[in-house]
Amino acid sequence: VEPDNILMIEGSESSISVSISRFNLYNDNATLDSDYTWSIVDEIAINEDGEANAANKGDILQLVAGEEGKIIGTGIGTATVVIKDNPTELTVSVPVEVVKKGEIRPIEMAADGRIARPINAKSAVDNGYLDEDEYTVT
């Protein structure tokens with residue numbers, strides 16, 4: 001399963017990929033279709049004071065209909081995505097934390113492998129993507 005945990009911003013989408021290897025004992029060349037059941041469990045809301053509260057289904061995280069493996073963060077808190085391989089009943093899980101915009105900060109900004117120019121960093125501060133103390137000009 002990739003990734004094995006997710007930190008995402010409320011309102012954003014993320015994707016999970018899974019591949020559970022199976023084999024046919026009687027026919028090495030048999031094609032085995034993937035047949036997974038996706039679910040979200042253990043949703044816990046985190047309020048502005050940092051207190052954890054039980055959340056209703058879908059309050060923190062939802063599966064995007066018709067797009068296997070895609071999730072959307074609907075509220076602040078934590079949840080777990082559980083993927084079950086139906087033929088084997090093997091399950092894997094991915095813990096997810098959803099935070100409000102502004103809580104995930106970049107270490108450095110780069111595009112095409114090049115560090116952003118100071119004017120770009122200033123623009124990021126002006127638009128609220130970075131705080132003034134979160135970048136240095138080198």
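Let me start with a pair of strands, S5 and S6, the latter covering residues 70–73, which run antiparallel to each other and are joined over 3 bridges. Please keep in mind throughout that what we are looking at is a predicted model. Within this pair, Leu61 has Gly73 of S6 as its bridge partner, and Leu63 is matched in S6 with Ile71. The two strands form a hairpin, with 6 residues between them, and in the turn Gly66 has a positive phi of about 80 degrees.

Now let us widen the view to the sheet around this hairpin. Three strands form an open sheet in the order S2-S6-S5, and the pairing is antiparallel. The edges are taken by strand S2, residues 13–15, and strand S5, residues 61–63, each of which pairs on one side only. On average, neighbouring strands of this sheet are turned by 30 degrees against each other, if we ignore direction. As a general reminder, the strands of a sheet pair through backbone hydrogen bonds, and they can do so in a parallel or an antiparallel way. On the other side of the hairpin partner, S2 and S6 are also antiparallel and pair over 3 bridges, and here Ser14 stands opposite Ile71 in S6.

Which residues of S6 point to the buried face, and which point to the other? Ile71 and Gly73 point to one face and are buried, whereas Lys70 and Ile72 point to the other face and are not buried. This fits the general rule that in a regular strand the side chains alternate between the two faces of the sheet.

Let me move to another part of the chain, beginning with Thr37, which lies in strand S3, residues 36–46. Is Thr37 buried, exposed or partly exposed? Its relative accessibility is 38%, and because this value falls between the cut-offs of 20% and 50%, Thr37 counts as partly exposed. If we leave aside its neighbours within four places in sequence, Thr37 is in contact with Val82, Ile83, Lys84 and Asn86. Thr37 and Asn86 are 49 residues apart along the chain, and yet their C-alpha atoms are separated by 6.7 Å. Their side chains also make a polar contact, of 2.8 Å.

From there we come to Asp85, which is found in strand S7, residues 77–85. With a relative accessible area of 0%, Asp85 is buried, since the cut-off for that word is under 20%. The side chain of Asp85 is joined to that of Thr88 by a polar contact of 2.6 Å.

Finally, a few words on the protein chain as a whole. It contains 1 helix and 10 strands, and, read along the sequence, the pattern is β-β-β-β-β-β-β-β-β-β-α. Of its 138 residues, 24% are buried, and the chain exposes about 9,700 Å², of which carbon and sulfur atoms supply 46%. Among contacts with a separation of 6 or more, 50% are between residues 24 or more positions apart.

How far can we trust these details? The mean pLDDT of the chain is 83, and 75% of the residues reach 70 or more. Confidence is highest in S5, at a mean of 97, and lowest in strand S9, residues 110–111, at 65. Where pLDDT is low, the predicted coordinates should not be read in detail.

Technical notes: Residues numbered from 1 in each chain as written. Heavy atoms only, no water. Pairing = 2+ DSSP bridges. Helix = DSSP H or I, 4+ residues; strand = E, 2+ residues; numbered from the N terminus. Axes fitted to C-alpha atoms, helices over the stretch in contact; angles between N-to-C directions. pLDDT = per-residue confidence, 0-100. Buried < 20%, exposed > 50% of the residue type's maximum accessible area, 1.4 Å probe, protein only. Contact = heavy atoms within 4.5 Å. Areas by Shrake-Rupley, 256 points an atom, 1.4 Å probe, with all protein chains shown as cover. Polar contact = N/O pair within 3.5 Å; in protein donor to acceptor, adjacent residues only side chain to side chain.
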